[in-house]
Amino acid sequence: PAGGQGMNTGMQDAVNLAWKLGLVTHGSASAKIFDSYTLERSPVAENVLKATGRATVMGTTTNEAVQFLRNHVASLILGLAPVQKAAATALSELSVGYPDSPLTVEGEGYQGKLSAGQRAPIHTGPPIGARPRPLFVLCANLTPDALSLVAKYPSLLEAVVRPPLEPNALHLIRPDGYIAIATTVTDFDTVTKYLDAMK
């Protein structure tokens, strides 16, 4: 097979399962969270298999017309910087997201650029997921409501409220660095319902 993406896929599989196992083991979440694993990771594996299959066919083709296209036209296209960047993002699997996951919620009225289910941008402070146990991270304005929420869920939320990822927005980041909730700046009810549903 071509592409060599199995390692990245396997590591993401392990991280996806590990934080969920950690929450259940520590009694912070119920075992129903495991239902999300297959829903999130199976489509990724299917896409990797399709992509590597196509790359293998292109690399081993004996059709002269296809070989010409591969050797001349494809090399020109792959020489373009935007195409190289897109290919690197796809091969490294940094573009993987979980927009259809049961663990993904987009709040009503949210109009920001960072959608729920996508990978969160690199943020200030310790890397997300680097704590001894898995914890969600709240990125919001430092308000009494935000502090109250963090105090209410010490087994699920990092004790520090991190700065917002976008103006007028509130984001809850999963322990694996993906956005669980993207909503409006004052929508703490959505986060509360989400965390209550973990039990």
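This passage describes the sheet, the helices that pack together and one loop residue in a predicted model.

The strands of the model form an open sheet of four members, arranged in the order β1-β4-β3-β2 and paired in a mixed fashion. The edges of this sheet are taken by β1, residues 105-106, and β2, residues 137-139, and because each of them has a single partner strand, one side of each is left without a neighbour in the sheet. Strands of a sheet pair through backbone hydrogen bonds, in either a parallel or an antiparallel sense. For strand β3, residues 169-173, and strand β4, residues 179-184, the sense is antiparallel, and five bridges link the two. Within this pairing, His-171 has Ala-182 of β4 as its bridge partner. Helix α6, which comprises residues 188-196, packs on the sheet and touches β1, β2, β3 and β4, with a direction that makes an angle of about 15° with that of β3.

Helix α6 also meets helix α5, residues 144-152, and the axes of the two helices come within 11 Å and cross at roughly 5°. Since angles under 35 degrees count as roughly parallel, α5 and α6 are therefore roughly parallel to each other. The contact brings Asp-145, Ala-146, Leu-149 and Lys-152 of α5 together with Phe-188, Val-191 and Thr-192 of α6. By character, the residues of this contact divide into four nonpolar, one polar and two charged.

Towards the start of the chain, helix α1 covers residues 6-25, and its 20 residues, at 1.5 Å a residue, should span 28 Å, a value with which the distance of 28 Å between its end C-alpha atoms agrees. The buried residues of this helix are Asn-8, Thr-9, Gln-12, Asn-16, Trp-19, Lys-20, Gly-22 and Leu-23, and the elements that cover them include α2, residues 35-60, and α4, residues 81-92. Just after α1, Gly-27 adopts a positive phi of about 75°.

The loop between α1 and α2 also contains Ser-30. With a relative accessible area of 19%, Ser-30 is buried, because the value falls under the cut-off of 20%. When residues up to four places away in sequence are not counted, Ser-30 touches Val-24, Met-198 and Lys-199.

How values were computed:
Residues numbered from 1 in each chain as written. Predicted model: local features only at pLDDT ≥ 70, side-chain atom pairs only at ≥ 80, totals over all residues. Heavy atoms only, no water. Pairing = 2+ DSSP bridges. Contact = heavy atoms within 4.5 Å. Axes fitted to C-alpha atoms, helices over the stretch in contact; angles between N-to-C directions. Expected span 1.5 Å × (residues − 1). Buried < 20%, exposed > 50% of the residue type's maximum accessible area, 1.4 Å probe, protein only. Parallel < 35°, antiparallel > 145°, perpendicular 65-115°, else oblique. Nonpolar A, V, L, I, M, F, W, Y, C, P; charged D, E, K, R; others polar.
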